[in-house]
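Welcome! Here is a friendly briefing to read alongside the sequence and the 3D view.

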Amino acid sequence: MSNEEFRGALARLAAGVVLITAEEPPLDANGRGEDVGMTATAFMSVSLDPPLVLVSLRNGSRMDDLLDEQPLWAVSVLAGSQRHIAGRFAMKGRISDRLLFDDIPYVRGEVSGAPLIGGALATLECRTEQRVLAGDHTLVIGRVMSAALPSADGGPLTYFRGHYRQLS
C-alpha cells in the first residue's frame with residue numbers, strides 16, 4: 001500500500017475541525033508568552049469518567065514541542081462559519097502565530113491561559129495526562145478541566161476529501 005492510497009482512503013472519513021491553542025511560557029517574569037494555534041481534525045473524546053480527550057500532533061511540530069513543555073492547552077470546536085480560522089492556522093511554514101490571532105475574537109481561558117475562539121460551538125481547557133508516540137505522530141491525552149458552549153448557532157465545520165465543508 002502506498003502513502004497516497006492510505007491518505008486517499010482516510011480522506012473519505014469526515015472529521016470535525018478544532019483549533020488547538022496554548023500559551024508559550026513567557027521569556028521573562030514580566031510578560032506573556034506567545035499564543036500558538038494549530039488546526040486539527042484528529043481529535044476525539046476518550047473517556048467520560050474522568051473526562052479525557054485526545055489530539056494527534058505531528059512529531060516535531062511546534063504544537064508537539066510546546067505541549068511537551070506546557071501541560072495546559074485548549075480546544076475550540078469550530079463552527080461552519082469559521083473556515084477562515086481553520087485555514088489560517090493550517091498554513092505551513094508560517095513565521096509567527098502572533099499575527100494570526102490579531103483579528104480573531106477570543107477570550108483567555110481561566111484554567112489554561114490559552115485563547116478560546118469566539119463563536120466556537122464548544123471550548124475545552126485541558127491538562128496533559130499522557131503522551132503516546134505513534135509512528136510519525138504523538139497522541140496527547142488531556143484531562144478536560146473546563147467545558148463551555150459559547151455559541152449554539154450553526155453547525156460544525158468538517159473536513160472531507162481534502163476540503164473544509166459545512167453540514168447543511
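**Cores, sheets and a helix**

The largest nonpolar core has 18 residues, and I20, M63 and W73 have the most contacts inside it. Such a core is a set of buried Ala, Val, Leu, Ile, Met, Phe, Trp, Tyr and Cys residues joined through side-chain atoms within 4.5 Å. Buried means under 20% relative accessible area, exposed over 50%, and partly exposed in between (1.4 Å probe, protein chains only). This is a predicted model, in which local features need pLDDT of at least 70 and side-chain atom pairs count only at pLDDT 80 or more, while totals for chains, interfaces and linings use all residues. Residues are numbered from 1 along each chain as its sequence is written, and side-chain values use heavy atoms, with hydrogens and water left out.

**The cores**
- At least two residues of the largest core come from each of β2, β3, β5, α2, β6, β9 and β10; helices (H or I, at least four residues) and strands (E, at least two) are DSSP runs, numbered from the N terminus.
- A second, separate core has twelve residues, including A86, F101, I104 and Y164.

**The seven-strand sheet**
- Seven strands make an open antiparallel sheet in the order β3-β2-β6-β9-β10-β5-β4; two strands pair if DSSP finds at least two bridges between them.
- At its edges stand β3 and β4 (43-47), each pairing on one side only.
- β2 and β3 are antiparallel partners over six bridges, with V18 matched to A40 in β3.
- β5 and β10 are also antiparallel, over seven bridges, and L54 stands opposite I141 in β10.

**Strand β3**
- Six of the six residues of β3 are buried, so this strand is largely enclosed by the rest of the structure.
- D35, G37 and T39 lie on one side and V36, M38 and A40 on the other, so to speak two covered faces.
- In a regular strand, side chains alternate between the two faces of the sheet.

**Helix α2**
- In α2 (residues 62-69), the buried residues are M63, D64, L66 and L67.
- Seen down the axis of α2, these residues fall within an arc of 165° (taken from the directions from the helix axis to the C-beta atoms), so they line one face of the helix.
- D68 and E69, on the other side of α2, are exposed.
- The buried residues of α2 pack against β2, β3, β5, β6, β9 and β10, where contact means heavy atoms within 4.5 Å.

**The three-strand sheet**
- Three strands form an open antiparallel sheet in the order β1-β11-β12.
- β1 (15-16) and β12 (163-166) each have a single partner strand, so one side of each is left without a neighbour in the sheet.
- β1 pairs with β11 (residues 157-160) over two bridges, and G16 has T158 as its bridge partner.
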